[in-house]
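Welcome! Below are a few short exercises, each with a worked solution. Have a look at the sequence and the structure, then try each task before reading on.

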Amino acid sequence: SLDLHLLLRDISFFSVQIDILMGKRTDLIQQYLQAVSQLASDKHITPMVDRIYEPNETELAFRFLMSGQHKGKLVLNMANKPS
């Protein structure tokens, strides 16, 4: 569901069916992916992180992912993992 109050702030939402474009318009997909890559490189967009899990919470992370309740990325924090 989409909170329509966001539209009061002059925000636009666009949807692209990438699976269809990949099969029919590979040239357009390449342009889109290059544009998104450039926006990320320039820090104009960043991934939306929903939750960060520790390595011992991997099963919990997968269960949350499978529930379909996430709205962003789930991150498995491997920074403090013993070697």
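**Exercise 1: a glycine in a loop**

Gly72 has its place in the loop between helix H3 (58-67) and E2. Helices (H or I, at least four residues) and strands (E, at least two) are DSSP runs, numbered from the N terminus. The model is predicted, so local features need pLDDT of at least 70, side-chain atom pairs count only at pLDDT 80 or more, and totals for chains, interfaces and linings use all residues. Residues are numbered from 1 along each chain as its sequence is written, and side-chain values use heavy atoms, with hydrogens and water left out.

Task: decide whether Gly72 is buried or exposed, and find what Gly72 touches.

Solution.
- Step 1: Buried means under 20% relative accessible area, exposed over 50%, partly exposed in between (1.4 Å probe, protein chains only).
- Step 2: Gly72 has 15% relative accessibility, so Gly72 counts as buried.
- Step 3: Contact means heavy atoms within 4.5 Å. Not counting residues up to four places away in sequence, Gly72 touches Met48 and Asp50.
- Step 4: Gly72 and Asp50 are 22 residues apart in sequence, with 4.6 Å from C-alpha to C-alpha.

**Exercise 2: two strands**

Task: find which residues Arg51 and Leu74 touch, leaving out residues up to four places away in sequence.

Solution.
- Step 1: Place the residues. Arg51 lies in strand E1 (residues 49-53), and Leu74 lies in strand E2 (residues 73-76).
- Step 2: Beyond that sequence limit, Arg51 touches Phe64, Lys73, Leu74 and Val75. With the same limit, Leu74 touches Asp50, Arg51, Tyr53, Ala61, Phe64 and Leu65.
- Step 3: Arg51 counts as partly exposed because its relative accessibility is 40%; Leu74, at 24%, also counts as partly exposed.
- Step 4: Add distances between C-alpha atoms. Leu74 and Phe64, 10 residues apart along the chain, are separated by 8.9 Å, while Arg51 and Ser37, 14 residues apart in sequence, are 23 Å apart.

**Exercise 3: after the second strand**

Task: find which side chain makes a polar contact with the side chain of Asn77.

Solution.
- Step 1: Go to the segment after E2, where Asn77 is found.
- Step 2: Leaving aside neighbours within four places in sequence, Asn77 is in contact with Ile52, Tyr53, Glu54 and Pro55.
- Step 3: The partner is Glu54, with the two side chains at 3.3 Å. A polar contact is a pair of N or O atoms within 3.5 Å; within protein, one must be able to donate a hydrogen and the other to accept it, and residues adjacent in sequence count only if both atoms are side-chain atoms.

**Exercise 4: a helix and what follows**

Task: check the span of H2, then find which residue just after H2 takes a positive phi.

Solution.
- Step 1: The expected span of a helix is 1.5 Å times one less than its number of residues.
- Step 2: H2 has 16 residues and should therefore span 22 Å; its end C-alpha atoms are 22 Å apart, which agrees.
- Step 3: Most residues other than glycine have a negative phi.
- Step 4: Lys43, just after H2, takes a positive phi of about 65 degrees. Lys43 lies in the loop between H2 and E1 and is exposed, because its relative accessible area is 67%.
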